[in-house]
There are 2 protein chains.
Amino acid sequence: VFKQALVIGLGLIGGSCALALRDNKIAAHVIGYDPQAGAQALRLGLVSLVSAELSSACACSDLVILAIPPTSFDSVLAQLAAHLQPTALLVDVGSTKQPLVRQLDQMPASFAARCVPCHPIAGSEQSGPGAARATLFKGARLIVTPHSRNSPDAVQMAELLWAAMGSTTMQMTAQDHDMIFAQVSHLPHIVAFALAATLAAQPNAQRLLEQGGAGMRDTSRIAASDPALWADIALSNQAPLLQALQQYGDQLQKFIDALAAGRRNELEHLMQQAAQWRRQL
Amino acid sequence: VFKQALVIGLGLIGGSCALALRDNKIAAHVIGYDPQAGAQALRLGLVSLVSAELSSACACSDLVILAIPPTSFDSVLAQLAAHLQPTALLVDVGSTKQPLVRQLDQMPASFAARCVPCHPIAGSEQSGPGAARATLFKGARLIVTPHSRNSPDAVQMAELLWAAMGSTTMQMTAQDHDMIFAQVSHLPHIVAFALAATLAAQPNAQRLLEQGGAGMRDTSRIAASDPALWADIALSNQAPLLQALQQYGDQLQKFIDALAAGRRNELEHLMQQAAQWRRQL
């Protein structure tokens, strides 16, 4: 049990962390730092206190959860490195892990030792403090990607932390993580965004909203996700995602070619390979 | 209320029609015709009798529901034209409407008058008689695309029929229908099939099954649909679907270009347009 947890960034994920820490009695006090959403998070009761200053809030916390977009890590990490307690635990919740590991390579060993890269496989197309809920991580998977300078003790504490919020943790390398999530998460998001963008660009876009069935609704659901966040995530995993998009474009072209040429057997075979894999899910 | 309904094709849609006709007391008797799935449908109790011969079953029915893939329409329509009662109602449930309308153009006026093209916006990624359920059409939308030689009386009966099964009916032209459903249904299916095919082709395809979250699950759900059926649907709406796929490919390329060039604002703007439209759903 931690004495005081500081959650930096009080959107969907950070806000849900704050609630889960409190409801599962993982931290005696949960405070927050978020210049934009802080006031709303306080009103919603996600945290008991919002700090106006990051350095002092960090200095008196033994757990810090970094729940801001990866593009904002730079300046925050520098401040945390200057003020984090030597035995405190720092975890992030970012969707890509190699950029953080590379940043930590440039930072003091004592700080890097305490900073454990984490990725909770939870979230939704909703965003902001209003979408936070205490059970977001319950039953979810959580990936930990320890780096070479991590203290084993910090890695273990991080796994216990997420397990206490109800998640099932597993370890992999940051490189494996980023390649796998380019394929299973970032690619589906671009696919869904491009689908919704295609329909949104039609002259009869409003009418299409009424006509679509469950297929359109599900296939495009994650296109309602936060664009600012997903632009960040896509760019922070640029190379693996571009590779996945290239492979997707090639597959799509096979479907288009078979359809255009009226090659029914080939089209059915392509669909069959997709269906066989998907039915195992 | 019909005396005897004949359902041709006892898969998910046809089987559900049979159950809905019985449960809503729309037909006194419900019989079926399906050389492949007939025995299973009978075992499951979807119909009270399975006919071995289409012509006689048709001759003594005042409602015929055609629930087979559009590619099999040719030979069946010819037999129905020879045996359908002059006051009977014939409806289909196909996902594309122009091919049927074009076929009816070649057929006797008295037969074409009684054949009303219909498309229930219901279904699932499951298929076969085992997936049939009486409530499939309850609360669903149903499109009727009357053609120029339809008897107004037959069109009205068709609308009443589906309303009695719980659907909300609306009319549009077959051409409008096929363009709209290329965009809101057939395009999302190809998008989902191509996504699942991409992941299925990875060396670590089995591992990806375990790693994906809700985003991957929803975006790829309809890739589990019946490949034989969807190859037929895609080919029966070839030109409108190819146009939608072209537009989708163009949108996808915009995302890829912005990501490859690191143009964050442009990437976020593309996502924003997609999200704005999707959030209205």
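These questions and answers cover a sheet in chain A and the contact between chains A and B of a predicted model.

Residues are numbered from 1 along each chain as its sequence is written, with chains lettered from A and ligands numbered from 1 in the order written. Local features need pLDDT of at least 70, side-chain atom pairs count only at pLDDT 80 or more, and totals for chains, interfaces and linings use all residues; side-chain values use heavy atoms, leaving out hydrogens and water.

Me: Which strands stand at the edges of the open sheet of chain A?
Reply: Strands here are DSSP runs of E, at least two residues, numbered from the N terminus. Two strands pair if DSSP finds at least two bridges between them. The six strands pair in parallel, in the order β3-β2-β1-β4-β5-β6. Each edge strand has a single partner, so one side lacks a neighbour in the sheet: these are β3 (49-50) and β6 (115-116) of chain A.

Me: Which residue is the bridge partner of A:L66 in β5(A)?
Reply: Strand β4 (residues 63-66) and strand β5 (residues 89-92) of chain A run parallel, joined by four bridges. In β5(A), the partner of A:L66 is A:D92.

Me: What relation links chain A to chain B?
Reply: The copies are superposed by least squares on C-alpha atoms of residues with pLDDT of at least 70 in both. A rotation of 180° with 0.0 Å of shift along its axis places chain A on chain B, with RMSD 0.0 Å. That is the relation of a two-fold axis.

Me: Which C-alpha of chain A is nearest the axis?
Reply: The axis is that of the 180° rotation. At 2.0 Å from it, the nearest C-alpha in chain A is that of A:T219.

Me: What area is buried between chain A and chain B?
Reply: Contact means heavy atoms within 4.5 Å; 83 residues from chain A and 83 residues from chain B take part. Buried area is the accessible area (1.4 Å probe) that two parts lose on being put together, summed over both. Carbon and sulfur atoms give 68% of a total of about 7700 Å².

Me: How many salt bridges are counted between chain A and chain B?
Reply: The rule asks for a side-chain nitrogen of Lys or Arg within 4 Å of a carboxyl oxygen of Asp or Glu. B:D218 and A:R221 meet this way, at 2.5 Å, N to O. The count between the chains is four.

Me: Which element gives the most residues to the side of chain A that touches chain B?
Reply: Helices are DSSP runs of H or I, at least four residues. Elements supplying at least two residues each include β8 (141-144), α8 (174-200) and α12 (238-260) of chain A. With 19 residues, the one giving the most is α8(A).
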